[in-house]
Amino acid sequence: MTTISYTAPATCASFMKSESFGRLIAGPVGSGKTTSCLFELFRRALEQEPAPDGIRYTRFALVRSTLKQLKDTVLKDVTSWLKGVADFRVSENTIYITLGDVRSEWILIPLDNPEDQARLLSMQLTGAWMSEAIEMDVALISPLAGRCGRYPGATLGGCTWMGIIADTNMPAEGTPWHKFMDISTPPDWQIFIQPGGMSDSAENLEWLTQTPDTLKLAVDDPIRLAQGRKYYERFIRSNSGDWCKRYVHAQYGDDPSGSAVFRESFKRSWHVVDEVEPISSYPLIVGLDFGRDPCAIICQADHRGRLLVLEEIIAQDIGLELQLQRAIRPTLMKDRYIGKSVYIVGDPAGKQRSTLYEETSFDLIKKNGLHAFPAPTNDISKRINAVESWLLGSRDGGPAMLIDERYCPTLIRGLSGGYRYGKTRNGMRKATPDKNDYSHILDALQYACVASHGGMSEMVANRLMKPRRQRGNGVTSAAWT
């Protein structure tokens, strides 16, 4: 009798329990991703409802870039774990799983052969497994999804489960897979990212580089875990920091098309917190980038000398007036901001009058009931230096800049590497950052940082206080209805 025992690491277990149509698990090398995927397919094969003839039929495509990669990794793992249950037929490149009433076909499909690609996109499948997904074109997902749920057909009882699972190491920032995993994940997909190999919560350490003696210890024994940690420590010693970032620490790698602007100064674990609450009686500073994408960022310099980055307001292809009316003013009317004085700091170029209406951007802001001031400078190097000054500073043993994770997702992705210097044709770094999906919100942050770092906030705060002593003058967010 065949006995198979498998216990999934924590993230792998969550991945397997998910009922999303598409699921992707990413993590460091050696973290057990492949094993969790093969057992997920095996479990789904066992759970398939029997057909009228009493047999549980399923068919899965196992997809990777080359046949050699499939045979060297996936095939070896499947036949090792499911020994006595799995039978590989070389002539068909298919693994047949037979256990009791279970009949499951696992077909190896490499993508380096056009014939195999065409074959994949004409198959009748229960589901599919994309092994090392980032090696493939992300555009494959859509046509592959269309092949799932077609076998077994209605006459055989239909599919009890259908879907796509995928495993991978971390992609580089700015790549299509990075956007798929972190920015524009489809609603029927769920992404699971394991802890890094050097993390205290690293997974699968109890099975890596073990000796006969350490295998006798309990799976959570510190000595056994330390033995497994040596697997990653060896990589740290012998590979570059960029390689280890993706394959050991399970982080998005640096975009090969350029270098991140705040690569050395922004540390997510240091600057980003779950929640940042505004302080009463201190004015809100709203950095605003003009143009057709007038993004804004709400900040506050607090009593401890920190800059609190509270909330981003993203705009795409919209004019300033609509952004003020539809997004900025309604956001400032939230309970967490109500009653606080507010001033906007924007691009000094906003003082230029419109050729149509003889009105500046600052006139428009003031017409909408908000105090507005031009930033002290529009020099890009000074603006970037102001942000870095806050990022590199510390207050009372903590960071000088705190960013709210919930309300600033685009800003955080930009600081993490999305906002970057491009390269010229000869490979040299450009003098200024590229305009991309993150540049507008980062420009807004720069204006807020320039204002708060240069002492402008104290000057503005004093000016904002004067109307309170002059009856009938001044507008605060508390007065808006």
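These are my notebook entries on a predicted model of one protein chain.

**Overall look**

I started with the whole chain. I counted 15 helices and 20 strands. The C-alpha trace spans about 90 × 55 × 50 Å along its principal axes. Of the 481 residues, 51% are buried. I also looked up the accessible surface, which comes to about 22,600 Å², with 50% of that belonging to carbon and sulfur atoms. Then I checked how far apart in sequence the contacts reach: among those between residues at least 6 apart, 68% join residues at least 24 apart.

**Strand S2**

Next I went to S2, residues 56-64. Here 8 of the 9 residues are buried, so the strand is largely enclosed by the rest of the structure. I looked for its partners and noted two. S5 (residues 102-110) runs parallel to S2 and is joined to it by 9 bridges. As a marker for that pairing I wrote down Leu62, whose bridge partner in S5 is Leu108. S6 (residues 127-131) is also parallel to S2, with 4 bridges between them. The marker there is Phe60, which stands opposite Gly127 in S6.

**The 7-stranded sheet**

Then I traced an open sheet of 7 strands. I read its order as S10-S18-S13-S12-S11-S14-S15, and the pairing is mixed. Which strands stand at the edges? They are S10 (272-273) and S15 (371-374); each has a single partner strand, so one side of each is left without a neighbour in the sheet.

Inside the sheet I checked S11 (residues 284-288) against S12 (residues 296-301): they run antiparallel and share 4 bridges. Ile285 has Cys299 of S12 as its bridge partner.

**Helices across the sheet**

I looked up two helices lying over these strands. H10 (residues 320-332) lies across S11, S12, S13 (307-313) and S14 (342-346), and I noted an angle of about 125 degrees to S13. H14 (residues 439-453) lies across S11, S12, S13, S14 and S18 (401-404), running at about 25 degrees to S12.

I stayed with H14 for a moment. It is mostly covered, with 13 of its 15 residues buried. I wondered what span its 15 residues should have. At 1.5 Å a residue the expected figure is 21 Å, and the end C-alpha atoms are 20 Å apart, which agrees.

**The largest nonpolar core**

This core has 39 residues, and those touching the most other members are Phe262, Ile297, Ile403, Leu411 and Leu445. I listed the elements that each supply at least two of its residues: S12, S13, S14, H12 (380-392), S18, H13 (409-418) and H14. Which element gives the most? H14 does, with 9 residues.

I picked Ile297 for a closer look at its contacts, leaving aside neighbours within four places in sequence. The list includes Ile285, Val286 and Gly287, then Val309, Glu311 and Glu312. Further along the chain, Ile297 is in contact with Cys408 and Leu411, and with Ile441, Ala444, Leu445 and Ala448.

**The 3-stranded sheet**

Last, I looked at an open sheet of 3 strands in the order S9-S19-S20, with antiparallel pairing. S9 (259-260) and S20 (429-433) are at its edges, each with a single partner strand, so each has one side without a neighbour in the sheet. S19 (residues 420-423) and S20 pair over 2 bridges. I noted Lys423 too, as its bridge partner in S20 is Arg429.

Terms used
Residues numbered from 1 in each chain as written. Predicted model: local features only at pLDDT ≥ 70, side-chain atom pairs only at ≥ 80, totals over all residues. Heavy atoms only, no water. Pairing = 2+ DSSP bridges. Contact = heavy atoms within 4.5 Å. Axes fitted to C-alpha atoms, helices over the stretch in contact; angles between N-to-C directions. Core = buried A, V, L, I, M, F, W, Y, C linked by side-chain atoms within 4.5 Å. Buried < 20%, exposed > 50% of the residue type's maximum accessible area, 1.4 Å probe, protein only. Expected span 1.5 Å × (residues − 1). Areas by Shrake-Rupley, 256 points an atom, 1.4 Å probe, with all protein chains shown as cover.
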